[in-house]
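This briefing introduces one protein to a reader who is new to structural description. Please keep the sequence and the model at hand while reading.

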Amino acid sequence: QHYFIQSNLRLKMTMEVDLDHELMNSFQTMNTTDKDVLINEFLRVLGSQPNAAEGEFYLDMANWNLQEAVSAWMDVHHPRNNPLAMRFVQDITIGEGESVPPSTTFTKTWRIRNSGVETWPAGCSLRFTDGDQLSTYTEVAVGPVQPNREIDISVEMCSPPTPGMYQGKWRMCNPSGNYFGDSIWVIICVDAGGVLGVTQQLNSSSFEFHNTSSQSDGPISNPFNMGME
């Protein structure tokens, strides 16, 4: 029985490595918005396990982003050993759909919680994953965070020059590159008459990522590092 379990574990690990390689090749070569093509590619990558209806469902939920759809399917059907968890708490600055003037620098801040039982280790980060990239930074390093601790994460962004609605999705990622927790969003309406929220303070062009705890009077001991792109 012990040998059988070990064999199954080796087989699962081999399948995951092969699938990761297959996914990377597919994502690097895909450049289409045709829904039928994306559904077929979803089915090709995952083999005979999902059907076309499942493929359409997961792609639609992921806004027809193949990588996000495949990751979501894998999270449900073949969850990896990732005990980390995160919950979105609230937007601190720039509420959902808030009006911002064109070509305006602003700081987006989210409050999130370590909702799991494991401390987030060093090497975790918040990553831009999909949508409109409003920041020159695609990754923000996050220091160790203990269970039930809440922190604020800030990213400097700039509104596009053209009026309209823009949204970008960010997710927490562990040191191994696996996503965990809720997706968090920045959603803005670029409008010539827009104003930033009253909580938004832009006194200078300098910017600093900061990491504060709602359960203490000051910042926790591991501030964010800039320069991860």
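**Helix H3 and the strands that follow**

Helix H3, which spans residues 52-61, has Gly 55, Tyr 58 and Leu 59 among its residues, and these three are buried. Viewed down the axis of H3, the buried residues lie within an arc of 100°, so they line one face of the helix. The model described here is a predicted one.

**Helix H3 and its ends**

- On the other side of H3, the residues Ala 53 and Met 61 are exposed.
- At the start of H3, Asn 51 places a side-chain oxygen within 3.1 Å of the backbone nitrogen of Ala 53.
- Ala 53 thus appears twice in this account: it is exposed, and its backbone nitrogen is the atom that the side chain of Asn 51 reaches.
- Just after H3, Asn 63 adopts a positive phi of about 60°.

**The three-stranded sheet**

- Three strands form an open sheet in the order E1-E3-E6, and their pairing is antiparallel.
- Strand E1 (87-93) and strand E6 (150-158) stand at the edges with a single partner strand each, so one side of each has no neighbour in the sheet.
- On average, and with direction ignored, neighbouring strands of this sheet are turned by 25° against each other.

**Pairing within the sheet**

- How many bridges join E1 and E3? Their antiparallel pairing extends over five bridges.
- Strand E3 (residues 105-113) also pairs with E6 in the antiparallel sense, here over nine bridges.
- Which residue in E3 stands opposite Phe 88? The residue is Ile 112 in E3.
- Ile 112 also stands opposite Ile 151 in E6.
- Ile 112 can therefore serve as a landmark when tracing the sheet, because it stands opposite Phe 88 and opposite Ile 151, within the order E1-E3-E6 that leaves E1 and E6 at the edges.
- Thr 109 has Ser 154 in E6 as its bridge partner.

**The protein as a whole**

- The protein contains four helices and eight strands.
- Starting from the N terminus, the elements run α-α-α-α-β-β-β-β-β-β-β-β.
- Of the 229 residues in the protein, 40% are buried.
- Among contacts with a separation of 6 or more, 69% are between residues 24 or more positions apart.
- The protein exposes about 12700 Å², and carbon and sulfur atoms supply 50% of this area.

Key. Residues are numbered from 1 along each chain as its sequence is written. This is a predicted model: local features need pLDDT of at least 70, side-chain atom pairs count only at pLDDT 80 or more; totals for chains, interfaces and linings use all residues. Side-chain values use heavy atoms; hydrogens and water are left out. Buried means under 20% relative accessible area, exposed over 50%, partly exposed in between (1.4 Å probe, protein chains only). Helices (H or I, at least four residues) and strands (E, at least two) are DSSP runs, numbered from the N terminus. The arc is that of the directions from the helix axis to the C-beta atoms. A polar contact is a pair of N or O atoms within 3.5 Å; within protein, one must be able to donate a hydrogen and the other to accept it, and residues adjacent in sequence count only if both atoms are side-chain atoms. Two strands pair if DSSP finds at least two bridges between them. Axes are lines fitted to C-alpha atoms, for helices over the stretch in contact, and angles run from 0 to 180 degrees between N-to-C directions. Contact means heavy atoms within 4.5 Å. Accessible areas come from the Shrake-Rupley method with a 1.4 Å probe; for residues, only the protein chains shown count as cover.
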